[in-house]
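Visitor: I am new to protein structures and would like a close look at one part of this one. Could you walk me through it slowly?

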Amino acid sequence: MARSTVDELREDLDVVVIGAGPVGENVAARAVRGGLRTALVEHERLGGECSYWACVPSKALLRPGNAWAAARRVPGVPSDGRIDPNAVFAWRDKRVSQWDDGGQVDWAEGAGITVVRGRARLSGDREVTVDDRLVLRAAHAVVVCTGSVPVVPDVEGLADVPVWTSRDATSASSVPESLAVLGGGVVGVEMAQAWARLGASVDVVARGDRVLPRMPAFAGEAVAEALRADGVRVRLGAEVRRVRREGERVRLDLADGDSITAERLLVATGRRPATDDLGLDTVGLTPGRPLAVDDTGLVSGVAGEWLYAAGDVTGRALLTHQGKYAARIVGDVLAARSRGEQVRAEPWSRYAATADHHAVTQVVFTDPEVASVGAVEATEPSQRVLDLDIDVAGAALHADGYAGRARLVVDTEREVVLGATFVGQDVAELLHAATVAVVGEVPLRRLWHAVPAFPTVSEVWLRWLEEYGL
C-alpha cells in the first residue's frame, strides 16, 4: 500500500467519508465537485473489496476459462490444450495493480480529496476518530461506506479449521488439488467454475434445492448443469453438520451421512453489512445492523441530519454498481444541502436512489452468464411473464449449439417492462438495453420500433414482443 496516514489535518472539513472502496470514492469525488472539503478514511487499500478481492480479481480468474470454452464452441478455432494457471494469475495480478493502491491514492489526491489512513469510528456528533488518535470533525456530514463482510455459518468445528473466504479464493496463486465450496450463491458458483477450469477438483454444497436461489429456477438449473459439465459435483439440499481437520485436509460431514474431504474449503454463504466496529452506539444505533437510509442516503434514527451511508452497509442492494449509483446521489445531496438548497427526493430525480427499488442490475459471470434487472417473477395478476429460448440467428452464429433462455416480466395494464433475465453465453451485454426499458418505462408499442440488428442475439427482443402479441 502506498502513502502513510495523514497525522494532522490543518484545514477544516465539510465531509468525512469512512471507507474508500468504489462507493466511498464516488461520494468523496461528488462532494468535492460540489465544493465541499472532504476527507476519505481507509484502513486497507483505496479501491476497496471490489478492486482487490472481489469484482475485479474474480472476473479476471473467470474470463480465461470462459474464453477458452467459447472458442471450443466455434468450428475452425484452435481450442486444444489447457489453460495456463500461472498466466491467469499474472493476468489477475495485473488487473489488481499487484495489490498496490498507489494509483488510487494519486487519483484521489488529484481530485482534491484528503486521504487519511487508519481505522475510523464515529465518536460523536459529526465526529470521527481515526486509530484512537486523530479526530476529524465535519462541518456538514459524515458518510459511512464500509461495505460488507462474509457471513460465517454456525457449523460445528468450522471455527477450528483453516478456510478460504472470498478474499482467499480470488487472491490465491496456486491451484488446490481439491476445493469444497460451501454455498450456492453468486460467489460460490463463480469461484467453483473458475477453480474447476484452472484444474481443481471441486464440490459445491448448497442447502437449497438449486444454486442461485434468488434468480429464476431456469437460471440456477443452467448454471448447475454447466458446473457439472466442468466436472464439479453439485450437491443440492445438503446440510453440513460438522467440519474437522483430517490430516492436511478438511472434512465436511453432511446430514445425510455422506462426507467430503478437500484440500481447501471456501465458505461462500453470503455477506452482511460491516457495521460491527464503527462506534454506532455513540450515536444511538446498534452495531452489527444495516444502516437504514432514505433514498437520499440519510441514515434514520440520528438527530441533526448529518449521518449518511451508501453501498452494502445499508443492506439495500449489495452490488458495487448499485453502491456507486447511491454514492453519486449522496454526494450531490450533500453539496446541494450545504448550499441551503431544498432537496426534493422525488422518484427518478438526481437526489433519489429510485433504481434500488425497481431496477437493480446484476450479472453472474459464470458460463453461461446470468444477467437480470428488476422483477424476476410476476407478483401481481396484472403482470405477465414471457419465457423464450434464445433461439435466434445471432445466437446460432455466436456459438454452435448455443443454449440460452430469456424472461421478460411485463405490466399488462401499463404495457411496460418490469424486469428481464437472460441466461446464456455472453448475455451480460444484453442487460443494459433491458435496464433502459425498465427505468424509462418505455411502452411496449414503442419498443416495437426499436429494431434489433440482424444477426445479433438482441433479436430476442423481437421474439418477446411477438410473443406478447404485437
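Is Asp426 buried, partly exposed or exposed?

Guide: Happy to help! Keep in mind that this is a predicted model. Asp426 counts as partly exposed, because its relative accessibility is 33%, and partly exposed covers what falls between the buried limit of under 20% and the exposed limit of over 50%.

Now let us see where Asp426 sits. You will find Asp426 in the loop that runs between strand β21 (416-424) and helix α12 (431-440). Its backbone deserves a look too: phi of Asp426 is near 60°, a positive value in a residue other than glycine.

Follow the chain onward through α12 and you meet Glu441, in the loop between α12 and α13. Glu441 is not a glycine either, yet its phi is positive, at about 45°. With a relative accessibility of 38%, Glu441 counts as partly exposed.

Further along, the loop between α13 (444-447) and α14 (460-468) holds Pro455. The peptide bond from Phe454 to Pro455 is cis, and its omega is near -5°. Another cis peptide bond joins Asp367 and Pro368, with omega at about 10°. Pro368 belongs to the loop between β17 and β18 (369-374).

Strand β17 leads us to helix α9, since β17 (361-364) is one of the elements that cover the buried residues of α9. Among the other covering elements are β1 (13-18), α1 (22-33) and β6 (134-144). The buried residues of α9 include Ala326, Ile329, Val330, Val333 and Leu334. How long is this helix? Its 19 residues (320-338) should span 27 Å at 1.5 Å a residue, and its end C-alpha atoms are 27 Å apart, so the two agree. Just after α9 comes Gly340, which takes a positive phi of about 85°.

One more stop is Cys50, which lies in helix α2 (residues 48-52). Cys50 is buried, because its relative accessible area is 12%, and the limit for buried is under 20%. Beyond its neighbours within four places in sequence, Cys50 has contacts that include Pro22, Cys55 and Thr320. The C-alpha atoms of Cys50 and His321 are separated by 10 Å, although the two residues are 271 residues apart along the chain.

Finally, step back to the whole protein. It has 14 helices and 21 strands, and 52% of its 470 residues count as buried. A compact globule of 470 residues would have a radius of gyration near 23 Å, and the protein has 24 Å, which agrees.

Definitions and conventions:
Residues numbered from 1 in each chain as written. Predicted model: local features only at pLDDT ≥ 70, side-chain atom pairs only at ≥ 80, totals over all residues. Heavy atoms only, no water. Helix = DSSP H or I, 4+ residues; strand = E, 2+ residues; numbered from the N terminus. Rg over C-alpha atoms; globule rule 2.2 N^0.38 Å. Buried < 20%, exposed > 50% of the residue type's maximum accessible area, 1.4 Å probe, protein only. Expected span 1.5 Å × (residues − 1). Contact = heavy atoms within 4.5 Å.
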